[in-house]
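Please open the structure in a viewer and keep the sequence panel visible. This tour proposes a series of selections and describes what is found at each.

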Amino acid sequence: MSYLSTGVLNKHPNTTTALSELVNLNPSTNVKIRIKVINWSDRTTITDTKFILHPNTSINFLVFLVNPDMEINAEKYEIRYQTSYDLNVFINSYGVDNLRANQEGNTIFFKNLNAITNTAFNLGNCSPTTGSITSL
């Protein structure tokens with residue numbers, strides 16, 4: 001099991017969406033993926049999603065960081081990744097605008113992701129009123 005984080009990012013003013021690009025280069029191994037996006041502006045989880053990345057496939061995973069209908073405006077955000085298999089699985093993260101153009105300062109390549117512990121990955125949201133930690 002592998003646990004990775006972008007660290008907390010300050011969103012570029014034009015960034016509206018976090019785009020994660022994942023590839024599984026294994027010829028026969030399915031990989032379980034979990035992506036958690038945290039809005040550090042109000043200390044909430046925007047998404048906590050699990051899925052299977054099939055062998056020899058690549059996908060893009062999009063999460064809105066700005067969405068007035070859902071009352072989301074993440075000025076500071078973090079993306080955490082959990083993978084069930086380490087070898088030949090690569091992840092890049094981009095902050096993009098409405099046209100999916102990369103925005104300066106919001107690109108984290110696989111080699112720059114930070115290894116974190118299972119405990120850190122699973123920490124709950126910080127309460128905006130008390131600052132305490134609660135589990136999800």
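The tour begins with the whole chain and then proceeds to a sheet, a residue within it, the salt bridges and the loops.

**The whole chain**

Display the entire protein as a cartoon, bearing in mind that this is a predicted model. The protein contains one helix and twelve strands. Follow the chain from the N terminus: the elements run β-β-β-β-β-β-β-β-β-β-β-β-α, with the α element at the end of that series.

Next, consider the overall dimensions. The C-alpha trace spans about 45 × 35 × 25 Å along its principal axes. A compact globule of 136 residues would have a radius of gyration near 14 Å, and the 15 Å of the protein agrees with this.

Now switch on the surface. The accessible surface amounts to about 7500 Å², and carbon and sulfur atoms account for 52% of that area. Of the 136 residues, 42% count as buried. If contacts are drawn between residues at least 6 apart in sequence, 71% of them join residues at least 24 apart.

**A sheet of four strands**

Hide the surface and select strands β6, β3, β10 and β11. They form an open sheet in the order β6-β3-β10-β11, with antiparallel pairing. Which strands lie at the edges? They are β6 (57-64) and β11 (102-108), each of which pairs on one side only. Viewed across the sheet, the twist averages 20° from one strand to the next.

Narrow the selection to β3 and β10. Strand β3 comprises residues 17-24, and eight bridges join it to β10 in an antiparallel arrangement. Within this pair, select Val 23 and Phe 90: Val 23 stands opposite Phe 90, which belongs to β10.

**Ser 93, within β10**

Remain on β10, which covers residues 89-96, and select Ser 93. Is Ser 93 buried or exposed? Its relative accessible area is 1%, so Ser 93 is buried.

Show the residues around Ser 93, leaving aside neighbours within four places in sequence. Those in contact with Ser 93 are Thr 6, Leu 19, Ser 20, Ile 79, Tyr 81, Asn 106, Thr 107 and Ile 108. Leu 19 and Ser 20 fall within β3 (residues 17-24), and Asn 106, Thr 107 and Ile 108 fall within the edge strand β11 (102-108).

**The salt bridges**

Side chains of opposite charge can pair when their charged atoms come close. How many salt bridges does a search of the whole structure find? The search finds two.

For one of them, select Arg 34 and Asp 48 and display their side chains. The closest N and O atoms of this salt bridge are 2.8 Å apart. The pair links distant parts of the chain: Arg 34 is in strand β4 (residues 31-39) and Asp 48 is in strand β5 (residues 44-53), 14 residues apart. Arg 34 has 12% relative accessibility and therefore counts as buried. Asp 48, with a relative accessible area of 33%, is partly exposed.

Then select Glu 78 and Arg 80. They form a salt bridge in which the closest N and O atoms are 3.0 Å apart. Glu 78 and Arg 80 are both buried.

**The loop between β9 and β10**

Move to the loop between β9 (76-83) and β10, and select Tyr 85. At 31% relative accessibility, Tyr 85 is partly exposed. Not counting residues up to four places away in sequence, Tyr 85 touches Asn 26, Thr 29 and Val 31. Add Lys 32 to the view: although it is 53 residues from Tyr 85 along the chain, the two C-alpha atoms are separated by 7.6 Å.

Most residues other than glycine have a negative phi. In this loop, select Asn 88, which is not a glycine but has a positive phi of about 65°. Asn 88 is partly exposed, its relative accessible area being 37%.

**The loop between β10 and β11**

As the final stop, select Arg 100 in the loop between β10 and β11. Arg 100 also has a positive phi, near 65°, in a residue other than glycine. At 48% relative accessibility, Arg 100 counts as partly exposed.

Note on methods:
Residues numbered from 1 in each chain as written. Predicted model: local features only at pLDDT ≥ 70, side-chain atom pairs only at ≥ 80, totals over all residues. Heavy atoms only, no water. Helix = DSSP H or I, 4+ residues; strand = E, 2+ residues; numbered from the N terminus. Buried < 20%, exposed > 50% of the residue type's maximum accessible area, 1.4 Å probe, protein only. Contact = heavy atoms within 4.5 Å. Salt bridge = Lys/Arg side-chain N within 4 Å of Asp/Glu carboxyl O. Pairing = 2+ DSSP bridges. Axes fitted to C-alpha atoms, helices over the stretch in contact; angles between N-to-C directions. Rg over C-alpha atoms; globule rule 2.2 N^0.38 Å. Areas by Shrake-Rupley, 256 points an atom, 1.4 Å probe, with all protein chains shown as cover.
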